[in-house]
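Below is a short note on the model, set out as numbered points. Please read it alongside the coordinates.

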Amino acid sequence: MEPTSQIIVALDCDSRAAADSIVERLGEECRFYKVGLELLTAVGPDFIKHLVAQGKEVFLDLKLFEIPNSVAGAVRAAGALGVAMVTVHSMGGVGIMSAAVDAARDFPDLRVLALTVVTSMTDGDLADIGIGDSMQEQVLRLAQLAAKAGCHGLIASPQDVAALRSVLGADGLIVTPGVALPGESSGEHARSGTPRAAIAAGASHVVVGRTVTRATDPAAAWRLVRADLGS
């Protein structure tokens, strides 16, 4: 895959003006954007339609975790918006993930990705919610459930990618948040890594946020990420 297509910029913004500014400054170079709960709640779905109309791909990161019928409805709504990827939480089990995959069948270009464990969590956090297994064991268990449900790929930390590639095989998508350039802070991500390391381990895409969006020159920062991938 071409490195340019592997970089997803996270528009973790609280206003349409802020998001529009980043997209404008990145111009034609950036093809793929993540829209999460903050931006979707702040500005609504029209912004997603705007991105799609510009020829951008959209990763709609909703982490859906609801009864199967509600999840299916949300996935159909995402497909109608023209997004390329939508996320469902694997902790919901096979029933919820299968409902998402079934709903996506009407949209051939829509991929359902299962979140394993959010990248801010640690073994201690798992213990707090009654899960005695290690992070690696929990991630692998949930990845296997996602594969059983027919999900097109996974959301996982850079540190989990190598182990998950064997679960998904060569064709499954692995999208990795929690990446930062060497020497930069990983922010709230407890299980982080560099873009190059994530791709080398087998990730199909990396999600970059403040590395680009809070840079003085976002386009220059985006090019540094591309360079880190070896392009």
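1. Ala 146 touches Met 97, Ala 114, Cys 151 and Leu 154, with neighbours within four places in sequence left aside. The model is a predicted one, and this applies to every point that follows. Ala 146 is part of helix α8. Its relative accessibility is 1%, which counts as buried. Between the C-alpha atoms of Ala 146 and Leu 115 there are 8.8 Å, with the two positions 31 residues apart along the chain counted as their separation.

2. Which helix holds Val 225? Val 225 sits in α12, residues 218–228. At 0% relative accessibility, Val 225 is classed as buried. Its contacts, not counting residues up to four places away in sequence, are Ile 7, Leu 181, Pro 195, Val 208, Thr 211 and Val 212. Val 225 and Glu 2 are 223 residues apart in sequence, and their C-alpha atoms are 13 Å apart in space.

3. Helix α2 has four residues listed as buried: Ala 19, Ile 22, Val 23 and Leu 26. Around the helix axis they cover an arc of only 95°, so they lie on the same side of α2. In general, an α-helix has 3.6 residues a turn, so residues three or four places apart point the same way. Ala 17 and Glu 24 are exposed on the other side of α2. The partners of the buried residues of α2 are β1 (7–10), β2, α3, α4, α11 (210–213) and α12. The helix that holds Val 225 is therefore among the elements packed against the buried residues of α2, given that contact means heavy atoms within 4.5 Å. Just after α2 comes Gly 27, whose phi is positive, at about 60°.

4. Helix α4 spans residues 46–53, and Phe 47, Ile 48 and Leu 51 in it are buried. Viewed down the axis of α4, these buried residues fall within an arc of 100°, so they line one face of the helix. Asp 46 and Ala 53 are exposed and belong to the face turned away from the buried side of α4. Against the buried residues of α4 pack α2 (16–26), β2 (32–35), α3 (37–43), β3 (57–64) and α5 (68–81). Gly 55, just after α4, has a positive phi of about 85°.

5. Lys 63 deserves a check of its backbone. Its phi is near 50°, a positive value in a residue other than glycine. For context, most residues other than glycine have a negative phi. Lys 63 belongs to strand β3, and β3 is one of the elements packed against the buried residues of α4. Is Lys 63 buried or partly exposed? With a relative accessible area of 33%, Lys 63 is partly exposed.

6. Helix α9 covers residues 161–168; its buried residues are Val 161, Leu 164, Arg 165 and Leu 168. They fall within an arc of 110° when seen down the axis of α9, so they line one face of the helix. Ala 162 and Ser 166 are exposed on the other side of α9. The buried residues of α9 pack against α8 (135–149), β6 (153–155), β7 (173–176) and α10 (195–201). One of these partners, α8, is the helix that contains Ala 146. Gly 169 follows just after α9 and takes a positive phi of about 80°.

7. Some values for the chain as a whole. The secondary structure amounts to twelve helices and eight strands. The radius of gyration is 17 Å, which agrees with the value near 17 Å for a compact globule of 231 residues. Along the principal axes, the C-alpha atoms fill a box of roughly 45 × 40 × 35 Å. Buried residues account for 49% of the 231 residues.

8. Of the contacts between residues at least 6 apart in sequence, 69% join residues at least 24 apart. The accessible surface is about 10,100 Å², and 50% of it belongs to carbon and sulfur atoms. The chain has 19 positive and 26 negative charges, and their mean positions are 3 Å apart.

Conventions:
Residues are numbered from 1 along each chain as its sequence is written. This is a predicted model: local features need pLDDT of at least 70, side-chain atom pairs count only at pLDDT 80 or more; totals for chains, interfaces and linings use all residues. Side-chain values use heavy atoms; hydrogens and water are left out. Helices (H or I, at least four residues) and strands (E, at least two) are DSSP runs, numbered from the N terminus. The radius of gyration is taken over C-alpha atoms; the globule rule is 2.2 Å times the number of residues to the power 0.38. Buried means under 20% relative accessible area, exposed over 50%, partly exposed in between (1.4 Å probe, protein chains only). Accessible areas come from the Shrake-Rupley method with a 1.4 Å probe; for residues, only the protein chains shown count as cover. Lys and Arg count as positive and Asp and Glu as negative; His and the chain ends are not counted. The place of a charge is taken as NZ of Lys, CZ of Arg, CG of Asp or CD of Glu. The arc is that of the directions from the helix axis to the C-beta atoms.
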